[in-house]
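User: I'm new to this one and curious about its aromatic rings. Can you walk me through how you decide what to call things?
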Amino acid sequence: MADATPPLFSFGVIADIQYCDTDDASNFAATETRRYRDTLRQAGLAAQSWNEAGVLFVAQLGDLIDGQNAGGYGAGLRFDGPQSEVAFEKVVTELQRCTAPMYHAIGNHELYNFDWPSLRRKLNLPERGWRVAPDEPACEADFSFVVQPVAGWSFLMLNAYEVSVMQHEELDGHGEAVRLMREYNPNDVLGDNQGQVDYFSGLSGRKMKYVPFNGGVGARQMQWLRKEVVSARERGDRIVILSHLPVLADASSHRTLMYDCDEVLRILHEDGCGHVVAVFAGHLHRGGYAVDGEGVHHVTLRSPLSHDDCFGRVEVYDDRLELRGNGEQLSFSMPFPPLQKVPPTATPAAEL
């Protein structure tokens with residue numbers, strides 16, 4: 001039954017398209033069938049649906065194309081050469097049928113295909129920000145940014161791979177990722193035979209996130225996140241977090257979490273004071289949903305790669321978000337958390 005009151009605005013969501021011009025196949029664990037070519041059709045269908053709904057913008061949460069396009073593993077070994085550019089252009093062409101602005105998260109599969117400077121150009125990411133090579137000056141968040149589509153709302157896009165082995169080897173983020181995996185993962189996940197190594201052998205619970213296809217936001221981006229959350233709170237904004245990697249195991253799995261998810265959650269809870277409504281992420285193809293102890297909704301979107309006609313739009317109301325799932329994407333109603341009084345010792349954004 002349709003809502004009597006129209007939404008204030010709506011935005012589109014999709015994650016893990018992972019297009020590749022290759023036959024259907026199972027994933028490494030044989031837990032899902034991946035329909036690589038069909039994702040191109042689904043991207044076009046999503047764009048048409050968003051246009052019809054009149055969304056204000058679209059959040060594309062990473063992994064536009066599959067890593068096999070680079071030619072280094074799987075079906076890519078049979079290609080005449082890398083297909084990354086061709087595959088990327090095909091997906092972007094379909095998504096650009098949507099007339100609304102589109103904001104992109106960086107996923108691990110983008111980084112299997114392209115370097116960071118290329119991604120900034122290809123995805124029209126903001127010029128300001130984190131270093132992407134050791135000879136560039138350090139400045140504010142590069143692949144993290146804020147979108148404020150209407151008064152009263154702030155959307156914060158995180159770079160979940162600021163700390164990762166997919167950063168330049170001379171950058172702090174690469175070194176921190178190596179340190180974490182050596183400390184918490186006893187398997188040879190950084191060696192030359194990664195394709196033959198069981199990343200999760202002997203691991204359980206929280207340590208399972210320390211694998212090469214995950215990453216973290218890091219200390220500097222954490223400072224940026226806190227400042228933006230506090231600023232939005234002081235404006236009275238409601239806040240939505242966007243990321244390729246989830247931050248709550250109950251909405252995903254320990255295998256797919258951001259390295260520093262606990263620190264991110266602490267900022268959302270303690271500095272958000274009820275203003276953070278939801279976190280939207282991808283990465284885990286089967287998707288997930290949970291509400292944490294502070295009332296923040298965590299949505300892990302299902303992937304078109306393994307689910308039919310899978311995308312959605314989020315309608316924003318005065319008191320809730322409504323995720324309207326298409327195809328096999330589930331729908332969720334997300335009432336706002338209650339606003340909390342700001343602790344008297346809270347630091348203003350200007351002093352962070």
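Analyst: Sure, starting with the rule for ring pairs: rings of Phe, Tyr and Trp (its six-membered ring) pair if their centres lie within 6.5 Å, and planes under 30 degrees apart count as stacked, over 60 as edge-to-face and the rest as tilted. Ring pairs of this kind link Phe9, Phe11, Phe57, Tyr103, Phe145, Trp153, Phe155, Phe280 and Phe336 into a cluster. This is a predicted model, where local features need pLDDT of at least 70, side-chain atom pairs count only at pLDDT 80 or more, and totals for chains, interfaces and linings use all residues. Residues are numbered from 1 along each chain as its sequence is written, and side-chain values use heavy atoms, leaving out hydrogens and water.

User: How many aromatic pairs does a search of the whole structure find?
Analyst: The search finds 17. One of them is Phe11 with Phe155, edge-to-face at 5.1 Å centre to centre and 80 degrees between the planes.

User: Why is Phe11 called buried?
Analyst: Buried means under 20% relative accessible area, exposed over 50%, partly exposed in between (1.4 Å probe, protein chains only). Phe11 has 0%, so it is buried. Phe155 also counts as buried, at 0%.

User: What makes the pair of Phe57 and Tyr103 edge-to-face?
Analyst: Their ring centres are 5.8 Å apart and the planes are at 65 degrees, so edge-to-face it is. Phe57 counts as buried at 2%, whereas Tyr103 is partly exposed at 26%.

User: Which ring does the charged end of Arg255 sit over?
Analyst: That's Phe200, with the charged end 4.1 Å from the ring centre. The rule asks for NZ of Lys or CZ of Arg within 6 Å of the ring centre and within 35 degrees of the ring normal.
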